[in-house]
Every structure is written in C-alpha cells, then in structure tokens.
Amino acid sequence: MPAPPARLEFRIPISPDEAMLSQVRFHNFALRRLASQQYRNARLTIVVGDHCDIDEVRRQNNWSEDFNVAWERVPDDVFAEFSWWGTANWRLQLPAPDADLVILSDADTVLLRDIDPLIGQFPRGTAAVRGHMAHSAPQAIRNGIVPHNKTAEFWPWLFDRFGLDWPATTYRYSMDARGSLPSAPVYYNLGFVALNAQALAIFGAQIAEVTRRLFALTESKMRSQMALTVIAYAAGMDIGTLPAEYNAANDLDHLRQNGLEAKDIRVLHYLRTDEIDRSEIFLPDRIDAFLARKLVNPANVALQNVARDYRETLK
C-alpha cells in the first residue's frame, strides 16, 4: 500500500498590516491549488506580532475560515523583548503534535510547484533540518571583538563562543558562485526551512536564549537565522542544504548563479523590488495594476501567472 500523505504545516511570521496579510492570503491560495491532498489539507499557521488584537485579525481575514488556517498571537513579553525577531522565533516555540514536517516560510514566499521530493527524502526518526543557504554572510556589528563577517575568522570565532566544533563540511553562500567569500557552516535563508517534530522541539527550547546571546555578541539583524545554525550544530542534528529551487529569489543573479530556470522553481521568494513591490502587489486595489504590467524577470512572470488565477477568488 502507498504511504499516507504527509501531514504538513507551514508557519509564517507577520506584522498585522495590510501588505503582509495580503501576502499570506496569496500564499494560502497557491498552497491549496496544488493537486495533492497533503497541500490542500496542510495547516497554515500565521504567527502575528506587534501586540496585535488577534480576534480582530481573525475577523478581518474571514477568508481563512474555509481552510486549515490558524492564527497565533505572539505573547506580549516575547514581542516586548525581541520585537520582530520574537515573531520569527515564536513559531518555533509552538508545538507540532500533528505535523510530520514543519516548513518555516516568509510571507513573501509562494509555492509554484510541489515539494514532493523533499517530503519523500526527509529523514525520519532523528532531529533533522533542511534549507537553502543564505545569499551572503550575516551582517554583524564590528565592536573591536567580532571579526569582520566576510573574513575566514568570523564563523570559527562564533562557533568558539558557543563551544562548538568546526564542522567537517562547509558551504558556499548561494550568491557567491565565484567563491569570493570563505565557505561557511549551514546558514539558512529563512524564506523556506523544513524541519521535523524532533528538531522543532529542540529549536523551540533554545531559540530565545541563543537569540539573546547572539544579539549580545554581534547585534546582528540576522540573529534568528544565526540562531538556527548554532542550535542545529550544538544538538548534532541531521543537517543538510536544499537547492535554489526550494527558495528561489526573484533575482536574476541568484537564478543564474544557481543554474535555475523559472520552470524549475518550486518555492519563489519574491523579495527583490527592482521590478515589483511585494508590499502592494496583492492589495485588492493594486493587484489589477500588477497583472497589467509587462514584466521581464521570468520569476516575476511566474508569480504574475499564479496571481491571475488568484485574482478571480477576490471577486
């Protein structure tokens, strides 16, 4: 007998503003349009910060009542201490009793195709995490103690601060095809990171304290991404990287450096603003203008094609 469909959960952190709410509604549409039951039935958990009124958020987004969507409020003390990073981290602290695989996503990501190969190959029975390498080295404040983030000393210095052994395998950042930067340990872009329940429990227990320590050391804006690296290596997780098709930026350099065509993209991360503005393209009064535009970037064209079908659901 074939294996039952995997139970999937996608978790997206947002502020309760019009732009991000329009993005998660679009994300939900693209997820449900995929043919397999495991996507139509997947749980979409939207984690909302900014001391929001979660009941009002639900009322304003009653479209979600027709789907397996959960709205989770970030506790006031968490947001007060960590601000936006607390919103990003809180999704790791929520339990996942029913999910075989949890996907950390950004609001400005969308599934253009299925992720079946990842689901089928994901490790079972041990804490495991997979993601696409970040585009470049994490920003960090140079205070006379922290090595420059683009030098070979940076990551070993950070690993030493946490008492971690240097990994046997290191990787290129995903927009450093020429190797101008030193290779690094796994350091994921958080637009798409897959983990199982065992890994989630470990991340959830440690994310707050590791984030505190990283901020004290580096003041880095990328401290949530860096925290995943530190925790995964400290716990001895099964760590691996994903190709660009699972987190493809709408960036011609990123596509070219990773040998990716638009037809190959499974997950699009539409963060670049040279041709589109993610903060407005899915707003009800702006989507027609987006659909009417002549776009050049093939990744943006692929996004526009999905949006044409989505537009029909807004009528």
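Two strands pair if DSSP finds at least two bridges between them. Helices (H or I, at least four residues) and strands (E, at least two) are DSSP runs, numbered from the N terminus. This is a predicted model, in which local features need pLDDT of at least 70 and side-chain atom pairs count only at pLDDT 80 or more, while totals for chains, interfaces and linings use all residues. Residues are numbered from 1 along each chain as its sequence is written, and side-chain values use heavy atoms, with hydrogens and water left out.

**Exercise 1. A sheet of three strands**

Task: work out the strand order of the open sheet that holds β5, β10 and β9, and find its edges.

Solution. Begin with one pair: β5 and β10 (residues 267–269) are antiparallel, over three bridges. Within this pair, Val-110 stands opposite Leu-268. Next, put the strands in order: β5-β10-β9, with mixed pairing. Finally, look at the edges: β5 (109–111) and β9 (248–249) each have a single partner strand, so one side of each is left without a neighbour in the sheet.

**Exercise 2. The surroundings of β2**

Task: find the strands that pair with β2 (residues 43–48) and say in which sense.

Solution. Take β1 (residues 8–14) to start: six bridges join β1 to β2, and the two run parallel. Here Pro-13 has Val-47 as its bridge partner. Now turn to β3 (residues 69–73), which also pairs with β2 in the parallel sense, over five bridges. Ile-46 faces Trp-71 of β3. As for cover, five of the six residues of β2 are buried (under 20% relative accessible area; exposed is over 50%, partly exposed in between; 1.4 Å probe, protein chains only).

**Exercise 3. Helix α12**

Task: check the length of α12 (residues 298–313) against its expected span, then describe its bend and its cover.

Solution. The expected span is 1.5 Å times one less than the number of residues. For the 16 residues of α12 this gives 22 Å, and the end C-alpha atoms are 24 Å apart, which agrees. Next comes the bend, the angle between axes fitted to the seven residues ending at a residue and the seven starting there: it is about 25° at Ala-307. The buried residues of α12 include Ala-299, Leu-303, Val-306 and Tyr-310. Among the elements covering the buried residues are α1 (18–32), β5 and β10. At the start of the helix, a side-chain oxygen of Asn-297 comes within 2.9 Å of the backbone nitrogen of Ala-299.

**Exercise 4. Helix α9 and the core**

Task: locate Arg-223 and Gln-225, then relate their helix to the largest nonpolar core.

Solution. Both residues are in α9 (residues 223–234). Arg-223 is buried, at 8% relative accessible area, and Gln-225 is buried too, at 13%. Beyond its neighbours up to four places away in sequence, Arg-223 touches (heavy atoms within 4.5 Å) Trp-85, Thr-211, Leu-214 and Phe-215. A polar atom of the Arg-223 side chain lies 2.7 Å from the backbone oxygen of Ser-220.

Now the core, a set of buried Ala, Val, Leu, Ile, Met, Phe, Trp, Tyr and Cys residues joined through side-chain atoms within 4.5 Å. The largest has 42 residues, with Trp-155, Leu-195 and Phe-203 making the most contacts inside it. α9 gives the most to this core, with seven residues.

How values were computed. Polar contact = N/O pair within 3.5 Å; in protein donor to acceptor, adjacent residues only side chain to side chain.
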